[in-house]
Amino acid sequence: KHTSAHVHTVFEVDMTRIAQLREREKAGFEQRNGSRLTFMPFFARAAVNAIKQFPILNASVEGETLHYHREIHLGIAVALDWGLIVPVIKNSEERNFLGLQRAITDLGERARTKKLMPDEVQGGTFTITNPGSFGALFGTPIIMQPQVAILGVGGIHKAPVVVNDATTGADGIAVRSIVQLSLGFDHRVIDGAVADQFMALVKKGLESWSEDLG
């Protein structure tokens with residue numbers, strides 16, 4: 001029987017930069033592309049970029065064998081009335097931000113209207129789930145075996161945080177848009193230090209976002 005040593009790590013991410021960017025760009029983005037600008041492609045893009053640096057997160061365990069996958073087939077969980085379904089964006093590493101947004105929107109809409117093809121919910125190598133869509137601050141998602149990791153996205157919420165003034169060096173309190181990201185991973189395959197390095201890279205990618213949205 002296949003089992004896993006399933007553990008979690010949780011990181012707090014300041015989404016203020018992205019929240020402001022989304023608010024500023026969402027009307028023009030929808031007009032140009034015919035698609036709503038959501039937060040999920042930001043998380044997807046940051047995860048894909050981090051996986052490229054830490055490919056062990058994109059592996060799978062089959063029996064006693066560990067497989068590394070060259071392609072990143074990204075599963076995005078979608079909540080339906082009867083439960084969750086996880087459509088898969090094949091070859092996510094080849095898509096830019098706009099390509100990920102379009103794929104997420106398309107697969108999500110077809111999941112809700114029961115128009116997905118069987119191969120579109122198979123073959124995932126890494127999964128993102130969003131317990132925050134129902135108000136949870138964070139979740140502890142279960143790995144979709146034989147995958148070895150899953151990223152959980154909590155609810156984005158306003159919170160007071162301590163900030164440091166770069167000019168004076170003084171600490172102060174500011175309101176920021178915060179999200180808790182949790183990584184569930186198979187500890188037989190992924191060391192805790194590697195998991196934390198991966199999450200630190202995801203966090204950095206989101207907090208210092210500079211990519212064009214398309």
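Which helices and strands do the buried residues of α3 pack against? The legends below, drawn on a predicted model, start with that view.

**Figure 1. Helix α3 and its packing partners.** The buried residues of α3 pack against two helices, α1 (16–33) and α2. They also pack against strands β4, β5 (78–80), β6 (83–85) and β7. Those buried residues include Phe 97, Leu 98, Leu 100, Ile 104 and Leu 107. Gly 99, Gln 101, Ala 103, Gly 108, Arg 110 and Ala 111 are buried in α3 too. Helix α3 has 16 residues, so a span of 22 Å is expected at 1.5 Å a residue. The end C-alpha atoms lie 23 Å apart, in agreement with that value. As background, an α-helix has 3.6 residues a turn, so residues three or four places apart point the same way.

**Figure 2. Helix α2, mostly covered.** Helix α2 runs over residues 40–53. From first C-alpha to last, its 14 residues reach 20 Å, close to the expected 20 Å. Of these 14 residues, 11 are buried. Among them are Met 40, Pro 41, Phe 42 and Phe 43 at the start of the listed stretch. Ala 44, Arg 45, Ala 46, Ala 47 and Val 48 are buried as well. Ala 50 and Ile 51 complete the set.

**Figure 3. Gly 75 in strand β4.** Strand β4 covers residues 74–76 and holds Gly 75. Is Gly 75 buried or exposed? Its relative accessibility is 0%, so Gly 75 counts as buried. Which residues does Gly 75 touch, leaving out those up to four places away in sequence? The contacts are Val 86, Pro 87 and Val 88, together with Phe 126, Thr 127 and Ile 128. The C-alpha atom of Gly 75 is 6.2 Å from that of Ile 89, and 14 residues separate the two along the chain.

**Figure 4. Two backbone sites with positive phi.** Most residues other than glycine have a negative phi. Asn 91 is not a glycine, yet its phi is positive, at about 50 degrees. Asn 91 sits in the loop between β7 (88–89) and α3 (97–112). With a relative accessible area of 25%, Asn 91 is partly exposed. Lys 114, also not a glycine, has a positive phi of about 55 degrees. The loop between α3 and β8 holds Lys 114. Its relative accessibility is 69%, so Lys 114 counts as exposed.

**Figure 5. The cis peptide bond at Pro 146.** Most peptide bonds are trans. The bond that joins Gln 145 and Pro 146 is cis. Its omega is about 10 degrees. Pro 146 lies in the loop between β8 (126–129) and β9 (149–153).

**Figure 6. The whole chain, for orientation.** The chain has four helices and 11 strands. Its radius of gyration is 18 Å, close to the 17 Å from the globule rule for 214 residues, so the chain is as compact as a globular protein of that length. Along the principal axes, the C-alpha atoms fill a box of roughly 60 × 40 × 30 Å. Of the 214 residues, 46% count as buried. Contacts between residues at least 6 apart in sequence join residues at least 24 apart in 64% of cases. The accessible surface comes to about 11100 Å², and carbon and sulfur atoms account for 51% of that area. The chain carries 22 positive and 23 negative charges, whose mean positions are 5 Å apart.

Technical notes: Residues numbered from 1 in each chain as written. Predicted model: local features only at pLDDT ≥ 70, side-chain atom pairs only at ≥ 80, totals over all residues. Heavy atoms only, no water. Rg over C-alpha atoms; globule rule 2.2 N^0.38 Å. Buried < 20%, exposed > 50% of the residue type's maximum accessible area, 1.4 Å probe, protein only. Contact = heavy atoms within 4.5 Å. Areas by Shrake-Rupley, 256 points an atom, 1.4 Å probe, with all protein chains shown as cover. Lys, Arg positive; Asp, Glu negative; His and termini not counted. Charge placed at Lys NZ, Arg CZ, Asp CG, Glu CD. Expected span 1.5 Å × (residues − 1).
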